[in-house]
Amino acid sequence: MGYMFLAAGVGCCVWVSVYAIGVWTIMRAPRLAEVETAPRQSWPSISVVFAARDEEEEIGSAIEALLAQDYPDLEVIAVDDRSSDATGRIIDDIAKKDTRLRAVHVDALPEGWLGKVNALNRGFRDSGGDWLLFTDADVKLAPDTLKKAVIFAENNNAEHMVLFPKLLEASYMLEVAFTAFSILLMVSTKAFRIGRPGSRDYIGIGAFNMVRREALTRSEGFEWLKMEVGDDLGLGLLLRNAGAKVVFALGEMGVSLVWYRSLGQMFRGMQKNLFSSARYSYLRLVPLLALLTMFSLSPLAGFLPSAPAALGVLSALALLSSVALGLASRGLFVSRVTPYFLGPAGFLLVTLMIANSGLMCALRGGIDWRGTLYPLEALRKGQRVKL
């Protein structure tokens with residue numbers, strides 16, 4: 001029992017540190033809402049690029065929302081990635097009515113490429129903007145988001161602008177899991193150091209990765225990321241290696257999305273991503289799951305009847321740090337405050353998602369992403385992001 005309580009004490013100390021970093025990151029992070037826009041004679045051109053596959057129910061409204069941006073020099077590149085439904089036809093119909101929309105159709109997947117990465121590469125090749133915004137079809141942007149993002153990036157001499165989105169229409173337990181996942185992302189990418197002089201840290205978020213064309217052109221390009229499941233973070237790494245300066249801000253309602261509607265959907269959706277956290281290695285997966293489980297449960301150990309008084313104090317501090325982060329984050333990432341208070345449950349859910357991702361990868365011999373199976377060995381060779 002002594003060793004167990006010692007491990008729990010260490011876990012509580014790590015917990016407090018992680019949540020302190022989270023609070024520090026949020027308190028210091030710029031907010032898109034604070035950026036002021038003003039009339040100007042000219043704006044750089046922007047190409048918004050996103051991939052869609054079998055999304056006939058949502059694709060129309062997603063494109064219309066992008067075309068509603070209050071930005072004077074805008075083109076939208078909608079890449080239909082081998083859809084078997086009416087997605088491609090809907091894109092073509094809208095493109096006939098609005099010349100700012102360009103339809104790109106991918107009929108076959110090149111060997112050795114992930115579908116989404118290939119689609120983004122096709123969109124990039126067909127775009128003409130000075131800036132490129134890589135986003136997802138389900139992301140909603142406020143009408144002035146692009147103007148504010150350009151102003152913020154230019155004011156900071158940045159070539160890569162990342163905005164953290166707000167989650168909409170999520171169930172309570174989904175918010176519990178999402179808050180834990182967000183904390184892990186912010187801490188593992190050292191988001192609090194992004195943009196500081198001399199920093200080599202990087203970040204990327206699929207909802208809003210805005211890149212200066214010149215920076216992407218001088219990089220190794222999407223070819224370097226062709227088998228990277230975490231393509232959003234991979235884009236950040238690609239640009240970091242090319243010497244691009246990155247800035248990071250909180251999008252709030254300027255960038256929002258319905259990521260998943262239920263916890264079950266998140267479990268299924270994250271099957272393709274989370275085994276990469278163990279670098280597709282089962283020898284790494286087992287200790288990773290053990291450490292995450294210990295970390296998740298450590299704040300509760302101090303409340304066991306036989307726990308030392310010192311551990312009880314550490315457990316209380318760990319849970320109070322969760323409350324502090326919830327209060328600091330209210331309204332920024334999710335609609336409720338209390339999901340942050342259930343940190344142990346959130347991290348256990350993420351741990352189970354990682355285990356499920358590894359299990360499904362073992363059963364299938366790779367990951368199944370939108371109907372295409374990508375072999376495990378190819379994923380290992382193509383992995384670039386190794387946090």
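**A guided look at the helices and loops**

Trainee: Which helices do the buried residues of α11 pack against?
Mentor: A good place to start, and remember that this is a predicted model. Helix α11 covers residues 309-329, and among its buried residues are L311, G312, S315 and A318. The buried residues of α11 pack against α1, α6 (172-188) and α10 (282-301).

Trainee: How far apart are the end C-alpha atoms of α11?
Mentor: Let's set an expectation: at 1.5 Å a residue, the 21 residues of α11 should span 30 Å. The model agrees with that, as the end C-alpha atoms of α11 are apart by 31 Å.

Trainee: What is the phi of G331, just after α11?
Mentor: Most residues other than glycine have a negative phi. G331 is a glycine, and its phi is positive, at about 80°.

Trainee: Which residues form a nonpolar patch on the surface with V10?
Mentor: V10 sits in helix α1, residues 2-28. At 45% relative accessibility, V10 is partly exposed, and a patch member needs over 30%. The patch has about 450 Å² of accessible area together, and V10 shares it with Y3, L6 and V14.

Trainee: Is C12 buried or exposed?
Mentor: Buried means under 20% relative accessible area. C12 has a relative accessible area of 0%, so C12 is buried.

Trainee: How many disulfides are there?
Mentor: A disulfide needs two cysteine sulfur atoms within 2.5 Å. The count comes to 0 disulfides. Take C12 as an example: the nearest cysteine sulfur, that of C13, is 7.0 Å away, and C12 is in no disulfide. So, with 2.5 Å as the limit, the count is 0.

Trainee: How many of the 11 residues of helix α5 are buried?
Mentor: Helix α5 runs over residues 145-155 and is largely enclosed by the rest of the structure. Its buried residues include L146, V150, I151 and F152, along with K147 and K148. Of the 11 residues, the number buried is 9.

Trainee: Is N157, which follows α5, buried or exposed?
Mentor: N157 lies in the loop between α5 and β6 (160-167). Its phi is near 50°, a positive value in a residue other than glycine. With a relative accessible area of 64%, against a cut-off of over 50%, N157 is exposed.

Trainee: Which strand holds E252?
Mentor: The phi of E252 is positive, near 50°, and E252 is a residue other than glycine. Look among residues 246-257, where E252 is found in strand β8.

Key. Residues are numbered from 1 along each chain as its sequence is written. This is a predicted model: local features need pLDDT of at least 70, side-chain atom pairs count only at pLDDT 80 or more; totals for chains, interfaces and linings use all residues. Side-chain values use heavy atoms; hydrogens and water are left out. Patches are made of residues with over 30% relative accessible area and no salt bridge: like charges are joined within 9 Å, nonpolar side chains (Val, Leu, Ile, Met, Phe, Trp, Tyr) within 5 Å. Accessible areas come from the Shrake-Rupley method with a 1.4 Å probe; for residues, only the protein chains shown count as cover. A salt bridge is a side-chain nitrogen of Lys or Arg within 4 Å of a carboxyl oxygen of Asp or Glu. Helices (H or I, at least four residues) and strands (E, at least two) are DSSP runs, numbered from the N terminus. Buried means under 20% relative accessible area, exposed over 50%, partly exposed in between (1.4 Å probe, protein chains only). The expected span of a helix is 1.5 Å times one less than its number of residues. Contact means heavy atoms within 4.5 Å.
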